[in-house]
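This report examines one protein chain through its bonds, helices and cores. The reader is invited to consult the sequence and the structure while following the text.

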Amino acid sequence: LDRALDHWRLAVATCEGRPRERARRNLADTQRLRDEVSEQQGSGEACRSTQRNAGSYQDLARQAMGERRFTEAALLFRKAEGQWDLAAERCAGSGREQALQRREQSEIDGHNAEFCAPRFDPAREATQKLRASAAALAPTERQRQSQVVETLWRDAIGQCKGSAQDLARTQADTLARERGTAWVPTRVAGGAPVVTVKIGRAHV
């Protein structure tokens with residue numbers, strides 16, 4: 001392939017008209033084939049094995065996240081990050097590029113599992129409770145609860161990265177827009193809002 005590339009380059013330099021155009025096309029096709037062969041040579045079993053290990057750690061980490069075992073998930077994401085780092089050293093071409101991208105994502109996921117999720121989940125649950133009970137709340141109490149829930153999201157923004165941070169910001173901005181008043185940091189004991197609904201003389 002290297003010799004073929006030399007010949008096609010020579011043909012491009014010496015031919016005219018349609019033969020030159022054909023030589024250029026053949027040069028480009030041969031170069032792509034040469035790059036594919038080079039990539040395959042640089043991505044052997046060591047590369048593939050490391051990629052499999054990294055993928056396994058990621059799958060376990062996502063499972064732990066789904067079960068809200070955040071500390072364990074963070075550890076597994078860090079292990080995946082280390083394996084993708086190793087894969088980037090052992091792989092070539094697109095395999096190396098993919099490993100670098102996965103390493104970066106594992107780093108973000110690990111950070112979010114450790115620092116973001118413990119704040120993100122309570123904010124999400126508080127939002128659901130507020131929306132379910134908003135119609136039964138007095139206007140002033142609804143405003144206060146909205147401030148509390150927005151504060152939970154604003155706290156999450158500072159601890160999250162990537163798409164989780166974007167979602168936390170969107171949720172906070174939506175609450176502020178729906179409420180129509182400026183945000184004032186409002187917290188309650190334990191960090192989660194206590195929604196009170198009046199039913200006659202009783203309170204729940």
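## The disulfide between Cys47 and Cys91

Cys47 and Cys91 are both buried. They belong to a predicted model, and in it a disulfide joins Cys47 to Cys91, with an S to S distance of 1.9 Å. A disulfide is a covalent bond between the sulfur atoms of two cysteines. Cys47 lies in helix H3, whereas Cys91 lies in the loop between H4 and H5, so the bond ties together parts that are 44 residues apart in sequence. The torsion about the S-S bond of Cys47 and Cys91 is about 100 degrees, and the disulfide is therefore right-handed.

## The disulfide between Cys116 and Cys160

The count of disulfides comes to two. The other pair is Cys116 and Cys160, whose sulfur atoms are 2.0 Å apart. Cys116 lies in helix H5 and Cys160 in the loop between H6 and H7, so this pair ties together parts that are 44 residues apart in sequence. Here the torsion about the S-S bond is about 80 degrees, so the disulfide is right-handed.

Are Cys116 and Cys160 buried or exposed? Both Cys116 and Cys160 are buried. With bonded cysteines counted along the chain, the disulfides follow the pattern 1-2, 3-4. As for another cysteine, Cys15 counts as partly exposed, because its relative accessibility is 24%, which falls between the limits of 20% for buried and 50% for exposed.

## Two nonpolar cores

The largest nonpolar core has 16 residues, and those with the most contacts inside it are Phe120, Val149, Trp153, Cys160 and Ala168. Helix H5 (94-133), helix H6 (139-157) and helix H7 (162-179) are the elements that give two or more residues to this core. A second, separate core has eight residues, among them Cys47, Ala54, Ala88 and Cys91. This second core thus includes Cys47 and Cys91, the two cysteines that a disulfide joins.

Which residues does Cys160 touch, when those up to four places away in sequence are not counted? Cys160 touches Asn112, Cys116, Phe120 and Gln165. One of these, Phe120, is named with Cys160 among the residues that have the most contacts inside the largest core.

## Helices H3 and H5

Helix H3 covers residues 45-66. At 1.5 Å a residue, its 22 residues should span 32 Å, and the end C-alpha atoms are 32 Å apart, which agrees. The buried residues of H3 are Cys47, Thr50, Gln51, Ala54, Gly55, Gln58, Ala61 and Ala64. What covers these buried residues includes helix H4 (70-90) and H5. Just after H3, Arg68 takes a positive phi of about 60 degrees.

How far apart are the end C-alpha atoms of H5? They are only 51 Å apart, although H5 has 40 residues and a straight helix would reach 58 Å at 1.5 Å a residue. H5 also has a kink of about 60 degrees at Cys116, shortly before the proline Pro118. The kink is thus placed at Cys116, a cysteine that forms a disulfide with Cys160.

## Salt bridges

Side chains of opposite charge can pair when their charged atoms come close. The count of salt bridges in the model comes to 20. One of them joins the side chains of Asp29 and Arg32, at 2.2 Å from N to O. Both residues lie in helix H2 (residues 17-42), three residues apart, which is about one turn of the helix. Asp29 is partly exposed, with a relative accessible area of 39%, and Arg32 counts as partly exposed at 49% relative accessibility.

Other salt bridges join separate parts of the chain. Glu178 pairs with Arg131, the closest N and O atoms being 3.1 Å apart. Glu178 lies in helix H7 and Arg131 in helix H5, so this pair ties together parts that are 47 residues apart in sequence. The side chains of Asp155 and Arg187 meet in a salt bridge of 2.7 Å, N to O. Asp155 lies in helix H6 and Arg187 in the loop between H7 and strand S1 (198-199), so these parts, 32 residues apart in sequence, are tied together. Arg187 is exposed, with a relative accessible area of 54%. In addition, salt bridges that share partners join Arg68, Asp121, Arg124 and Glu125 into one network.

Definitions and conventions. Residues are numbered from 1 along each chain as its sequence is written. This is a predicted model: local features need pLDDT of at least 70, side-chain atom pairs count only at pLDDT 80 or more; totals for chains, interfaces and linings use all residues. Side-chain values use heavy atoms; hydrogens and water are left out. A nonpolar core is a set of buried Ala, Val, Leu, Ile, Met, Phe, Trp, Tyr and Cys residues joined through side-chain atoms within 4.5 Å. Buried means under 20% relative accessible area, exposed over 50%, partly exposed in between (1.4 Å probe, protein chains only). Helices (H or I, at least four residues) and strands (E, at least two) are DSSP runs, numbered from the N terminus. Contact means heavy atoms within 4.5 Å. A salt bridge is a side-chain nitrogen of Lys or Arg within 4 Å of a carboxyl oxygen of Asp or Glu. The expected span of a helix is 1.5 Å times one less than its number of residues. The bend at a residue is the angle between axes fitted to the seven residues ending there and the seven starting there. A disulfide is a pair of cysteine sulfur atoms within 2.5 Å.
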